[in-house]
Amino acid sequence: MATTGMRPKKRDNDVAFFTKVLPDTVKAQLNVARLAKVTRLYDDKTKAEVQPLDKKSDGSSRAPLIGVHVGKTKRDAIEVGDVVVVLFMDRSIANFDGSNNEFELSAKRMHDLNDSFIVEVY
């Protein structure tokens with residue numbers, strides 16, 4: 001039987017969905033880390049506002065991130081205008097108080113922009 005002009009089997013389309021389409025969709029929605037510019041520091045430098053440096057696929061700027069936690073070792077080094085590495089935590093940190101106490105999750109969100117930490121100053 002000649003293979004020219006044959007349509008792909010439905011099974012091949014299903015496999016392609018799980019090997020290409022689904023992973024790309026998940027990756028596009030997953031926040032892991034981002035480079036950003038510090039636009040404002042809170043008075044005690046425990047939090048900052050940052051502007052992500054990578055643009056959206058349409059060329060527009062991304063929304064600023066507000067209330068980004070600043071790691072203790074970076075508080076003396078960070079200044080407005082610095083480029084920083086922002087990580088997005090696996091789970092909600094809305095109830096995290098900065099102490100070493102365990103805390104309750106306030107939401108089921110994962111890798112969310114609201115759960116961000118500055119871990120490096122470039």
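**Strand 3 and its surroundings**

Lysine 47 stands opposite histidine 69 in strand 3. The model is predicted.

Student: What makes strand 2 and strand 3 a pair?

Tutor: Two strands pair if DSSP finds at least two bridges between them. Strand 2 (residues 47-52) and strand 3 are joined in the antiparallel sense over 3 bridges, so the condition is met.

Student: How do you know that strand 3 and strand 5 also pair?

Tutor: The requirement is at least two bridges. Strand 5 (residues 116-121) runs in the parallel sense to strand 3, with 2 bridges, so these strands count as a pair. Histidine 69 has phenylalanine 117 as its bridge partner in strand 5.

Student: Why is strand 3 called mostly covered?

Tutor: Of the 6 residues in strand 3 (residues 65-70), 5 are buried, and buried means under 20% relative accessible area.

Student: Why is lysine 45 called partly exposed?

Tutor: Its relative accessible area is 21%. Buried would need a value under 20%, and exposed one over 50%; 21% lies in between, so lysine 45 is partly exposed. Lysine 45 sits in the loop between strand 1 (33-41) and strand 2, and its phi is positive, near 60°.

Student: Which residues does isoleucine 78 touch?

Tutor: Leaving aside residues up to four places away in sequence, isoleucine 78 touches Lys45, Val38, Leu41, Val70, Val84, Ile118 and Val121. Ile78 is also among the residues with the most contacts inside the largest nonpolar core, which has 14 residues. Strands 1, 2, 3, 4 (83-88) and 5 each give two or more residues to this core.

How values were computed:
Residues are numbered from 1 along each chain as its sequence is written. This is a predicted model: local features need pLDDT of at least 70, side-chain atom pairs count only at pLDDT 80 or more; totals for chains, interfaces and linings use all residues. Side-chain values use heavy atoms; hydrogens and water are left out. Buried means under 20% relative accessible area, exposed over 50%, partly exposed in between (1.4 Å probe, protein chains only). Helices (H or I, at least four residues) and strands (E, at least two) are DSSP runs, numbered from the N terminus. A nonpolar core is a set of buried Ala, Val, Leu, Ile, Met, Phe, Trp, Tyr and Cys residues joined through side-chain atoms within 4.5 Å. Contact means heavy atoms within 4.5 Å.
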